[in-house]
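Me: I'm new to this one, and I'd like a close look at a single part: the place where the first ligand sits. Could you walk me through that, and then show me how the rest fits around that place?

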Amino acid sequence: MAAFSERVFSGVQPTGNLHLGNYLGAITRFVALQERYDCVYCVVDMHAITVPQDPTELRRQTREVTAAFIASGIDPVRQIVFNQSQVGAHAELGWIFNCVARMGWLSRMTQFKEKAGKDRENASVGLFDYPCLMAADILAYKATHVPVGEDQKQHLELTRDIAGKFNNDFSASIASNGHGEAFFPLTEPVIGGPAARVMSLRDGTKKMSKSDPSDYSRINLTDDADAIAQKIRKAKTDAEPLPSEEAGLARRPEADNLVGIYAALAGAEKPAVLGEFGGAQFSTFKGALVDLAVEKLGPIGAEMNRLVADPGHIDRVLANGAARAAAIADRTVAEVKDILGMVRS
Ligand code: AMP
Ligand code: TRP
């Protein structure tokens with residue numbers, strides 16, 4: 001395949017509280033990747049409206065996710081940080097991808113099935129179509145790497161399918177327009193580490209989620225030290241001490257989850273954590289986890305609160321990011337229109 005210059009893209013929805021799963025599964029990895037790649041990080045407000053949103057909350061949460069990016073260490077000067085709706089190319093390319101993707105592909109998406117639930121007839125068309133917009137987000141920047149949590153894997157496979165079908169269906173026009181063999185890269189997911197899937201603190205078989213009715217199921221990035229400590233102390237566990245080997249975590253979802261969280265916060269892997277805490281009771285381990293979580297998350301929550309107090313500054317960051325994003329994405333859309341045979345001036 002043609003060589004594409006490397007670029008990272010990822011998105012986070014401005015819906016509800018950002019939690020430890022978002023932070024460890026996605027945002028910390030965004031921070032790490034910026035050392036090696038040009039990165040584009042997007043607050044995906046157009047994805048958010050696939051389910052009902054209160055306008056005041058949507059605006060507040062868009063700024064809050066932006067604040068979380070910056071407070072976690074993403075540099076909006078070196079990298080591009082913006083909200084999706086400010087760059088029209090996403091919607092435009094999303095429409096074009098509606099005409100590339102097949103009904104059958106989208107019908108297999110498990111996230112749609114989960115989110116639509118039993119009342120599928122009443123789900124928005126946007127919720128069904130969500131993965132086409134996500135593919136447009138990524139491919140408008142010809143992104144080669146996309147860091148996400150495990151739950152997004154299927155959507156990234158669909159993005160590759162869309163890129164592949166477009167490259168294939170229009171191969172002659174792609175070549176005659178001077179783009180060689182392939183116009184879009186086949187994007188690589190960047191998924192992994194000990195916290196690719198952080199589970200609920202109340203039930204180790206359920207994903208930690210913004211929409212869980214119990215606030216005790218998750219640690220929010222804006223929780224203070226007392227809340228973090230209480231939630232970890234009340235987290236569900238089993239009666240056994242921690243094992244010394246990773247194999248001993250099998251069929252112990254709550255223990256596995258807490259060890260994974262500790263490892264990710266410490267920048268380590270699970271075996272190293274078990275090397276230290278193997279044989280310990282949960283009371284001891286939870287005490288150490290509280291200290292570590294407060295040490296790592298406390299400063300981020302405080303910085304987020306400081307940043308959201310100045311919405312003017314955040315809005316300037318987003319406007320600057322949107323202008324730089326549009327410069328890249330508009331060009332991709334213009335090239336796609338040429339490939340498709342659309343007349344443009
Ligand atoms: P969302 O809040 O759905 O926009 O998710 C933003 C990012 O956080 C995506 O990359 C998700 O895959 C990731 N994410 C969400 N929940 C979790 C979780 N429980 N564990 C790990 N990653 C997660
Ligand atoms: N679907 C992602 C989520 O719910 C958010 C998202 C939208 C995204 N567009 C993206 C993630 C592009 C990565 C790349 O978490």
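Reply: Start with ligand 1, which has 18 residues around it; the ones that come nearest are Gln13, Gly149, Asp151, Val198 and Lys210. Keep in mind that this is a predicted model, so every distance here is computed from predicted positions.

Now for the polar atoms. On the side of Gln13, a polar backbone atom is 2.8 Å from an oxygen atom of ligand 1. Asp151 uses its side chain instead: a polar atom there lies 2.4 Å from an oxygen atom of the ligand. Met208 brings in the backbone again, with an N or O atom 2.9 Å from a nitrogen atom of ligand 1. As for how much of the ligand is covered, ligand 1 taken alone exposes 490 Å², and the protein buries 92% of that.

Two of those names are worth following further. Take Lys210 first, one of the residues that come nearest to ligand 1. Lys210 is also in contact with Thr15, and so are Ala48, Gln53 and Gln61, if you leave aside the neighbours of Thr15 within four places in sequence. You'll find Thr15 in the loop between strand 1 (7–12) and helix 1 (20–33). Is Thr15 buried or exposed? Its relative accessibility is 16%, and because buried means under 20%, Thr15 counts as buried.

The other name is Gln13, which turns up again among the residues nearest to ligand 2. Ligand 2 has 13 residues around it, and Tyr130, Met134, Asp137 and Gln152 join Gln13 as the ones that come nearest. Here the polar contacts involve nitrogen atoms of the ligand. An N or O atom in the side chain of Tyr130 is 2.7 Å from a nitrogen atom of ligand 2. Asp137 has a polar side-chain atom 2.7 Å from a nitrogen atom of this ligand, and for Gln152 the distance from a polar side-chain atom to a ligand nitrogen is 2.9 Å. Taken alone, ligand 2 exposes 360 Å², of which the protein buries 91%.

Let's step back to the whole chain. The domain assignment gives domain 1 (7–196 + 310–340) and domain 2 (215–306). Taken over C-alpha atoms, the centres of domain 1 and domain 2 are 30 Å apart. Where they meet, 14 residues of domain 1 are in contact with 18 residues of domain 2.

What about the inside? The largest nonpolar core has 59 residues, and Leu20, Phe69, Leu265, Phe285 and Leu297 touch the most other members. Helix 13 (residues 282–308) gives the largest share, 10 residues. Both domains take part, since this core draws at least three residues from each of domain 1 and domain 2. For a feel of the packing, look at Leu297: apart from its neighbours within four places in sequence, Leu297 is in contact with Leu20, Tyr23, Ile219, Leu221, Ile228 and Leu265. There's also a second, separate core of 47 residues, which includes Val100, Tyr130, Val146 and Ala163. Yes, that's the Tyr130 whose side chain you met beside ligand 2.

One last stop is Gly312, in helix 14 (residues 311–340). At 30% relative accessibility, Gly312 counts as partly exposed. Its C-alpha atom is separated by 34 Å from that of Asp291, and the two residues are 21 residues apart along the chain.

Conventions:
Residues are numbered from 1 along each chain as its sequence is written. Chains are lettered from A and ligands numbered from 1 in the order in which they are written. This is a predicted model: local features need pLDDT of at least 70, side-chain atom pairs count only at pLDDT 80 or more; totals for chains, interfaces and linings use all residues. Side-chain values use heavy atoms; hydrogens and water are left out. A nonpolar core is a set of buried Ala, Val, Leu, Ile, Met, Phe, Trp, Tyr and Cys residues joined through side-chain atoms within 4.5 Å. Buried means under 20% relative accessible area, exposed over 50%, partly exposed in between (1.4 Å probe, protein chains only). Helices (H or I, at least four residues) and strands (E, at least two) are DSSP runs, numbered from the N terminus. Domain bounds come from an automatic or database domain assignment. Contact means heavy atoms within 4.5 Å. A residue is near a molecule or strand if one of its heavy atoms lies within 4 Å of it. A polar contact is a pair of N or O atoms within 3.5 Å; within protein, one must be able to donate a hydrogen and the other to accept it, and residues adjacent in sequence count only if both atoms are side-chain atoms. Accessible areas come from the Shrake-Rupley method with a 1.4 Å probe; for residues, only the protein chains shown count as cover.
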